[in-house]
Amino acid sequence: MAKLPGVTITGASGRMGQMLIAQVQASEKLALVGAVERPGHAWVGQDIGLAMGGAAIGVTVSDDAQAAISAADVVIDFTAPAATLAFSAIAAAAGTVHVIGTTGMTEAEIAQLAPAAEKTVIVRAGNMSLGVNLLTQLTKRVAAALDADYDIEIIEAHHNKKVDAPSGTALMLGEAAAEGRGVKLAEVSDRARDGITGARRRGDIGFAAIRGGDIVGEHDVMFAAEGERIILRHVASDRSVFARGALKAALWGLGKAPGAYDMLDVLGLNDAR
């Protein structure tokens, strides 16, 4: 049997890290070869299977990201912006495909990925589910069809441990709406309302973030006008949808030319942009 492409998972102890490990273990097309955690983490040195409360699988959690990423064909990374930038340099040097699901990255941080994308494949998305990427395309098309008489509001909800707001998915949707209208999101984004704010500015794209309990991810895009509202909605009830998308991105990226890609490339939706 041919050797399966090897995958290293960063942030192995996190919610997504554990979900990704489980999905790779269940895959018939990929093999888990590495699991990375920060230095000093309690899981470092343990078999990842045992650390997750199951049986040993022969992969030890490491704090040596360079060794773990260099030994893999693909690194899947749902961590934090600073860590992702460090991992991108390692992946570029090793020629390892870098699948990035990290959210909360600024435009400046995203721009810092460019040198790595010249040397290896980077697939980055604020959300890797098929449904959300279809929602993004629908949002762009509806925004293009409706003028600024329709106020656009993006409402997102996540669990109480999420550290960034608006979510990466909400920002994806905002960018899609702005692109549909032919404007720059930075110029029309309205993210904070408190106190006497005055009337809503025509053409703005508003954001609202809800944090509570164990909500996996819910996103509504509302187009509100006099007498009617159009609401586009996506609800994720299980993190496995994000993990499955990441694995799809990993398989897609193998053998591709170096460059910066997203889930629209993976899903063949670039002609819908």
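This is a short walk through one protein fold, from the overall numbers down to single residues.

Ground rules come before the fold. The model is predicted, so local features need pLDDT of at least 70 and side-chain atom pairs count only at pLDDT 80 or more, while totals for chains, interfaces and linings use all residues. Residues are numbered from 1 along each chain as its sequence is written, and side-chain values use heavy atoms, with hydrogens and water left out.

Overall numbers next. The protein has 11 helices and 12 strands. Those are DSSP runs, numbered from the N terminus: helices are H or I with at least four residues, strands are E with at least two. How does the radius of gyration compare with that of a compact globule? With 273 residues, such a globule would come out near 19 Å; the protein has 20 Å, which agrees. The radius is taken over C-alpha atoms, and the globule rule is 2.2 Å times the number of residues to the power 0.38. Along the principal axes, the C-alpha trace spans about 60 × 40 × 30 Å.

Burial and surface. Of the 273 residues, 50% count as buried. Buried means under 20% relative accessible area, exposed means over 50%, and partly exposed lies in between, with a 1.4 Å probe and protein chains only. The accessible surface is about 13,000 Å², and 53% of that belongs to carbon and sulfur atoms. Areas come from the Shrake-Rupley method with a 1.4 Å probe; for residues, only the protein chains shown count as cover.

Now contacts, meaning heavy atoms within 4.5 Å. Take those between residues at least 6 apart in sequence: 67% join residues at least 24 apart.

On to the sheets. Two strands pair if DSSP finds at least two bridges between them. One open sheet has 7 strands, in the order β3-β2-β1-β4-β5-β6-β12, with parallel pairing. β3 (61-62) and β12 (259-261) stand at its edges with a single partner strand each, so one side of each has no neighbour in the sheet. Inside this sheet, β1 (residues 6-10) and β2 (residues 31-36) run parallel and share 5 bridges. One bridge puts Thr10 with Val36 of β2.

The other open sheet to look at has 5 strands, ordered β8-β9-β7-β10-β11, and its pairing is mixed. Its edges are β8 (189-190) and β11, each with a single partner strand, so each has one side without a neighbour in the sheet.

Stay with β10, residues 217-225. Is this strand mostly covered or mostly open? Mostly covered: 7 of its 9 residues are buried. β10 pairs with β7 (residues 151-158) in the antiparallel sense over 7 bridges. There, Ile152 has Phe223 of β10 as its bridge partner. β10 also runs antiparallel to β11 (residues 228-236), with 9 bridges joining them. Among the pairs, Met222 has Ile231 of β11 as its bridge partner. Gly217 is matched with Ala236 of β11. Ala225 stands opposite Glu228. The hairpin of β10 and β11 has 2 residues between the strands, and Gly227 takes a positive phi near 90° there.

While we are on backbone geometry, one peptide bond deserves a mention. From Ala165 to Pro166 the bond is cis, with omega near -10°. Pro166 sits in the loop between β7 and α8 (168-181). For background, most peptide bonds are trans.

Two residues to finish. Ile210 lies in β9, residues 205-211. This residue is partly exposed, at a relative accessible area of 43%. Which residues does Ile210 touch, not counting those up to four places away in sequence? They are Ile155, Glu156, Ala157 and His158. Ile210 and His158 are 52 residues apart along the chain, yet their C-alpha atoms are separated by 6.3 Å.

Then Thr139, in helix α7, residues 130-145. Thr139 is buried, with a relative accessible area of 0%. Leaving aside neighbours within four places in sequence, Thr139 is in contact with Leu173, Ala176, Ala177, Val221, Phe223 and Leu232. Phe223 is the residue of β10 that bridges to Ile152. Thr139 and Ala117 make another kind of pair: 22 residues apart in sequence, and 28 Å apart in space, C-alpha to C-alpha.

That is the tour.
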